[in-house]
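Trainee: I should like to learn how to read aromatic pairs, the nonpolar core and internal cavities. May we work through one example together?

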Amino acid sequence: MMNTIPVQLKHQSQLIQDYRDRQESIFTQFDYDPFQVRSYQNRLKQIQQMNYKREELADILIEQNKKWGLSPEVKKNIVQLKDPESSVVIGGQQAGLLTGPLYTIHKIISIIIHAREQADHLQKPVVPVFWIAGEDHDFDEINHVFVQKNTAQLKKVAIQDDLESKQSVSSRQLPKEEARTFIEQVFRSFQETEHTQELIQQVKDAIEESETYVDFFGILIHSMFKEEGLVLVDSDDPSLRRLETEYFVRLIENQPAISEAVVEELEAQADKGYMISLDANMDDGHLFYHVNDERQLLMKKDRETWMTKDGETLITTDELIQLVKQSPELFSNNVITRPMMQEMVFPVLAFHAGPGELAYWSVLKKAFRCLDMTLPIVMPRMSITLLQANHQSWLNQLGLSEEEVIQAGSFSHKMRWLKRKPKYPIEETIEEVRKQMNVIHQPIQEIATSITPDMERLSKKNAEKIDQELVFIEKRLLKAVEDHHQLTVQKYDELDLFYYPNGGLQERIWNIVYWMNHYGLDLPARLASLPPKWEHDHVLVEL
């Protein structure tokens, strides 16, 4: 069992802090307290009163997961979704290369741990589900990873895919030759370990089995968590879109009420002092229409007319509904309607949210009511820092605590250390020795001069050699001190690089593959066995 240490983060939003502290100002924005046992029993009762297309959903999930592996455990969980007493713990993220930043893995771990915990508590099937945001098209957000360049610098390594297209990630083909080159670049930055070759082969196999970037992501995630029964879903899958058809119609028909509710709640949250990074206006349609492989946000021009944000497409509400029924794959949700669509498709017991997601979910309660729904339980995902064993010894040696390095890095400690580093009087001591040697050697030179000119030259040569030896030892002493200081400085810098990269949390920069290379391919599955730490801001895991 890996040791865990809770960490209280100082630099997080007031909204997140108040939510964990159960402040009424934010808790009234939600329907359930995620930290109360009875919330789960009450939520399950509500789920059992709702209707879901369970059979159709299960068939779609089976077909999707076949592309990525479909282990017996995953198949069993999908089949369990047909049980009217089953529910899901769910969350999602973009399909980042090599699974993207660590926080994606941390969200998956949270979902798995929470689903297992609630299945034991409720004595009912609770399935862990992770949706891949396949409809997203911001390729620059997912096309790279960061690797260690040296003790003080990270390097961004991106795949060479210059295709000028705004098509969704789930339909974007994975260029296999470029993907193999990308993998080689990434692994060149790693230290060779007993796990390296197996890990490289696993990644290369995933490339060969993938058609799209979503496939590459899905295959890798399935390989990491297949025994935990994690069910994956591509939110941009055409068959899933067909299942969602009537739900899109509901969203279109209720657009005025939904938009009004969100705008009102944003204003109410601002009055409480919560600043939420979400733009919402009364004319927002909160849906995307895919035109020529490009997502266009839909807006309301007037009561009965919709238009794309670029103003090039105009369509009435009736025509829009008809188009949805004919071609639902041309539509997708934005951040406001995605939670509602998720609620209509899945029997959601709990949703795992990152900090930004939790903020915008806080303005959705009234919007959910417009569709006769309540918010599911919203749980802040686990936030984790992974600590290498050798770095633990460095922290002890330098007198640093894990928490202060995660919170603020090691720079201020490094500067204080440099200011108080011992000043060895090497130059002054060598100069004094040189003076004394000149005094001591002078009688020898006088005797030599009195004997023969050759002896005089020899004595002077001897004095020069003694001085050269003093120069040599002075340089070696200075270099030894410099090396000692440099090694210490490098330790400070590397600790910053791993635990305060770019002035933030490790999970926002580092990738899981680095850690698997050091600690084994089963590391993600082992992390999924961590004890629940739901009320902690952050958890440090000692590897």
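Trainee: How many aromatic pairs does the count come to?

Mentor: Please bear in mind that this is a predicted model. The count comes to 18 aromatic pairs.

Trainee: What describes a pair of aromatic rings?

Mentor: Such a pair is described by the distance of the centres and the angle of the planes. Take Phe187 and Phe190 here: their centres are 5.1 Å apart and their planes lie at 65 degrees, an edge-to-face pair. Phe187 has a relative accessibility of 8% and therefore counts as buried. Phe190, with a relative accessible area of 14%, is also buried, because the cut-off is under 20%.

Trainee: Why is the pair of Phe498 and Trp515 edge-to-face?

Mentor: The ring planes of Phe498 and Trp515 stand at 90 degrees and the centres are 6.0 Å apart, so the pair is edge-to-face. Phe498 belongs to helix α21, which spans residues 453-499, and Trp515 to helix α22; the pair links distant parts of the chain, 17 residues apart. Phe498 and Trp515 are both buried.

Trainee: Which residues do ring pairs link into a cluster?

Mentor: The cluster consists of Phe187, Phe190, Phe498, Tyr499, Trp510, Tyr514 and Trp515.

Trainee: Which residues does Trp515 touch, beyond those up to four places away in sequence?

Mentor: With those sequence neighbours left out, Trp515 touches Leu102, Leu386, Gln388, Phe498, Tyr499, Gln506, Trp510, Gly520, Leu523 and Leu543.

Trainee: Let us turn to the core. Which residues have the most contacts inside the largest nonpolar core?

Mentor: The general idea is that, in soluble globular proteins, nonpolar side chains tend to be buried together. In this model the largest nonpolar core has 164 residues, and those with the most contacts inside it are Leu98, Phe216, Phe225, Met340, Phe346 and Trp515.

Trainee: How many cavities of 30 Å³ or more does the structure hold?

Mentor: There are four cavities of that volume or more. The largest has a volume of about 160 Å³. It is lined by 13 residues, of which Ser235, Glu244, Arg338, Met341 and Gln342 are the closest to its centre. Two or more lining residues come from each of α10 (238-243) and α14 (337-345). The largest share, four residues, is that of α14.

Trainee: What is the make-up of the lining of the largest cavity by class?

Mentor: The lining has six nonpolar, three polar and four charged residues.

Trainee: Is Thr337, which is found in helix α14, buried or exposed?

Mentor: Thr337 has a relative accessible area of 2% and is therefore buried. Leaving aside residues up to four places away in sequence, Thr337 touches Leu251, His286 and Leu287.

Trainee: Which residues line the second largest cavity?

Mentor: The second largest cavity, with a volume of about 50 Å³, is lined by Leu98, Val145, Phe146, Val147, Val186, Phe190, Trp510, Asn511, Val513 and Tyr514. By class, that lining has nine nonpolar residues, one polar residue and no charged residues. At least two lining residues come from each of β4 (144-150) and α22 (512-519). The largest share, three residues, is supplied by β4.

Trainee: How do these readings join up?

Mentor: Compare the lists. Phe190, Trp510 and Tyr514 are among the residues of the aromatic cluster, and the lining of the second largest cavity includes Phe190, Trp510 and Tyr514. Leu98 is one of the residues with the most contacts inside the largest nonpolar core, and Leu98 also lines the second largest cavity.

Notes. Residues numbered from 1 in each chain as written. Predicted model: local features only at pLDDT ≥ 70, side-chain atom pairs only at ≥ 80, totals over all residues. Heavy atoms only, no water. 1 Å grid on protein atoms, 1.4 Å probe; cavity = no way out; pocket = protein on both sides within 12 Å on 5 of 7 lines; lining within 4 Å. Points joined across faces, edges and corners; volume = space filled by probe spheres on them. Nonpolar A, V, L, I, M, F, W, Y, C, P; charged D, E, K, R; others polar. Core = buried A, V, L, I, M, F, W, Y, C linked by side-chain atoms within 4.5 Å. Buried < 20%, exposed > 50% of the residue type's maximum accessible area, 1.4 Å probe, protein only. Contact = heavy atoms within 4.5 Å. Phe/Tyr/Trp six-rings, centres within 6.5 Å; stacked < 30°, edge-to-face > 60°.
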